[in-house]
Amino acid sequence: MSTKRKLEAILPRRVGSVGPWLDKLVAASLSTRDIVSPATGEVIGQVELATALEVHKAVECAQQEFTRWGGQTIKRRAQIMLKFHALVESRKDELINLIMLENGKNRVEAAGDVAKGLETVEWACSMPQLAYGRHLTVSSGITCHEIRDPVGVVASIVPFNFPFMVPFWTLPIALVAGNCVILKPSEKVPMTMALAAELLFEAGVPRGAFQMVQGEVDVVNALCDHEGICALTFVGSSRVAKLVHDRARAAGKKVIALGGAKNYLVAAPDRDLEMASADIVASFAGCAGQRCMAASVLITIGEQPELIAAVVAKAALLQAGQDGGCVGPVIDMTSRDRILKGICKAAADGAEVLLDGRAWAERKEGGWWVGPTVLRLAAPLL
């Protein structure tokens with residue numbers, strides 16, 4: 001049975017924002033965008049696109065809830081997060097299947113997405129032992145007392161590439177600390193966090209303490225600008241990270257904006273051939289290269305033809321698909337076409353194509369596929 005059929009019982013055909021302010025009239029008034037499965041190119045649902053007005057409503061609800069949620073003990077909030085952890089474990093397969101469906105990861109990668117997100121949940125559960133304040137006698141008769149208080153209403157803007165893990169880099173810590181969180185997931189992968197939101201509420205998180213606002217650029221801008229949001233985190237491309245950082249900082253917010261972390265690999269002459277070649281292929285081909293640590297450039301110190309040959313040979317064995325060990329699709333047609341254009345341009349500019357993955361784009365099964373590709377660039381092209 002296909003992943004899609006397994007999910008028919010739980011798939012939300014229309015995914016919306018999450019908050020006490022949302023009702024059927026509001027939902028019906030919003031425009032929608034198709035949610036497309038990268039593996040097949042099929043439409044699997046629609047996401048409702050909120051506006052700045054819905055952001056304002058979410059902030060108002062969070063402000064009203066903050067006194068109650070922040071007024072609970074950190075121990076109580078950690079207990080709720082511990083229950084959430086158990087609920088995720090009990091429905092882990094559903095989350096994995098949703099990630100595979102809307103993001104395209106293979107099964108092992110999707111399971112890792114959930115596992116890594118839960119690691120931060122586990123850390124947040126330990127916060128009662130980690131977040132207590134300090135007393136320090138700094139002079140005769142003078143004692144400094146450090147107290148950790150929640151900030152207030154905070155926002156988190158996350159990308160498509162890890163639908164569960166990246167939201168949970170910040171969400172559990174912010175909640176256990178006593179903040180009220182407004183999350184803006186990627187409009188390309190809204191289903192995973194829709195299920196996660198249900199589990200948060202089932203665990204005991206109040207609906208005003210955690211909300212989601214689906215949307216595109218105007219929602220991001222509204223989150224950056226709203227004076228009721230005290231702090232904001234962002235994960236995405238370096239270009240957009242700077243735009244978000246500058247806009248939110250101009251509005252007086254505390255900001256953490258994480259941009260792209262693409263890295264070059266440098267191979268020393270004394271590298272271990274088998275280990276190095278395997279790790280290089282895993283780095284650039286894992287998650288279809290859609291992760292911040294996917295190294296897209298390899299620089300060798302001196303000529304190392306045996307390393308290049310081993311990389312090409314290992315990459316050539318990779319198969320398209322969503323079983324463990326396979327290479328999944330890229331997220332959408334725009335990404336696929338941009339990658340194909342880059343390969344064609346490099347070849348036209350004189351790069352030697354040692355392994356060509358462009359044929360994957362013609363898969364009759366549909367979807368947005370590009371196979372592992374290795375290009376040898378002359379120094380002037382770098």
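**Exercise 1. Helix H8 and the residue after it**

Task: State which sign of phi glycine 178 takes in this predicted model, and decide whether helix H8 is enclosed or not.

Solution.
- Step 1. Glycine 178 comes just after H8 and takes a positive phi of about 105 degrees.
- Step 2. H8 covers residues 167–176. The buried residues in H8 are Pro167, Phe168, Leu171, Pro172, Ala174, Leu175 and Val176.
- Step 3. That is seven of the ten residues of H8, so the helix is largely enclosed by the rest of the structure.

**Exercise 2. Positive phi outside glycine**

Task: Find where cysteine 287 lies and say whether cysteine 287 is buried or exposed. Then give the phi of cysteine 287 and of alanine 288.

Solution.
- Step 1. The loop between helix H12 (273–285) and strand S12 (297–300) holds cysteine 287. Alanine 288 is found in the loop between H12 and S12 as well.
- Step 2. Most residues other than glycine have a negative phi.
- Step 3. Cysteine 287 is not a glycine, yet its phi is positive, about 55 degrees. Alanine 288, also not a glycine, has a positive phi of about 55 degrees.
- Step 4. The relative accessible area of cysteine 287 is 7%. Buried means under 20%, so cysteine 287 is buried.

**Exercise 3. Two helices packed on H6**

Task: Classify the packing of H5 on H6 and of H4 on H6, and give the residues of each contact.

Solution.
- Step 1. Helix H5 (residues 92–103) packs on helix H6 (residues 107–125) at an angle of about 120 degrees, and the axes are 9 Å apart. Roughly perpendicular ends at 115 degrees and roughly antiparallel starts over 145, so H5 is oblique to H6.
- Step 2. The crossing of H5 past H6 is right-handed. From H5 the contact uses Lys92, Leu95, Ile96, Asn97, Ile99 and Met100; from H6 it uses Arg107, Ala110, Ala111, Asp113 and Val114. Sorted by class, this contact has seven nonpolar, one polar and three charged residues.
- Step 3. For helix H4 (residues 74–90) and H6, the axes come within 9 Å and cross at roughly 160 degrees. Angles over 145 degrees count as roughly antiparallel, so H4 is roughly antiparallel to H6.
- Step 4. H4 passes H6 in a left-handed crossing. On the H4 side are Ala78, Met81, Leu82, Phe84, His85, Val88 and Glu89, which meet Val114, Leu118, Val121, Glu122, Ala124 and Cys125 of H6. The split here is ten nonpolar, one polar and two charged.
- Step 5. Val114 of H6 takes part in the contact with H5 and also in the contact with H4.

**Exercise 4. The nonpolar cores**

Task: Name the residues that touch the most other members of the largest nonpolar core, and list what phenylalanine 84 touches.

Solution.
- Step 1. The largest nonpolar core has 82 residues, of which Met81, Phe84, Phe164, Phe210, Leu223 and Leu232 touch the most other members.
- Step 2. Helix H9 (residues 191–203) supplies the largest share of this core, ten residues.
- Step 3. With residues up to four places away in sequence left out, phenylalanine 84 touches Val121, Phe164, Phe168, Ala196, Leu199, Leu200 and Ala203.
- Step 4. Phe168 in that list is one of the buried residues of H8.
- Step 5. There is also a second, separate core of 17 residues, including Ala276, Ile308, Leu318 and Val327.

**Exercise 5. Two buried small residues**

Task: For serine 277 and glycine 45, state the element, the burial and the contacts far along the sequence.

Solution.
- Step 1. Serine 277 sits in helix H12 and is buried, with a relative accessible area of 0%.
- Step 2. Not counting residues up to four places away in sequence, serine 277 touches Leu307, Ala310, Val311 and Lys314. Between serine 277 and valine 311 there are 5.0 Å from C-alpha to C-alpha, although they are 34 residues apart in sequence.
- Step 3. Glycine 45 is placed in strand S3 (residues 43–49) and is buried at a relative accessible area of 4%.
- Step 4. Neighbours within four places aside, glycine 45 is in contact with Arg13, Arg33, Asp34, Ile35 and Met191.

Technical notes:
Residues are numbered from 1 along each chain as its sequence is written. This is a predicted model: local features need pLDDT of at least 70, side-chain atom pairs count only at pLDDT 80 or more; totals for chains, interfaces and linings use all residues. Side-chain values use heavy atoms; hydrogens and water are left out. Axes are lines fitted to C-alpha atoms, for helices over the stretch in contact, and angles run from 0 to 180 degrees between N-to-C directions. Helices (H or I, at least four residues) and strands (E, at least two) are DSSP runs, numbered from the N terminus. Angles under 35 degrees count as roughly parallel, over 145 as roughly antiparallel, 65 to 115 as roughly perpendicular and the rest as oblique. A crossing is left-handed if the near helix is turned anticlockwise from the far one by less than a right angle, and right-handed if clockwise. Contact means heavy atoms within 4.5 Å. Ala, Val, Leu, Ile, Met, Phe, Trp, Tyr, Cys and Pro count as nonpolar, Asp, Glu, Lys and Arg as charged, and the others, Gly among them, as polar. A nonpolar core is a set of buried Ala, Val, Leu, Ile, Met, Phe, Trp, Tyr and Cys residues joined through side-chain atoms within 4.5 Å. Buried means under 20% relative accessible area, exposed over 50%, partly exposed in between (1.4 Å probe, protein chains only).
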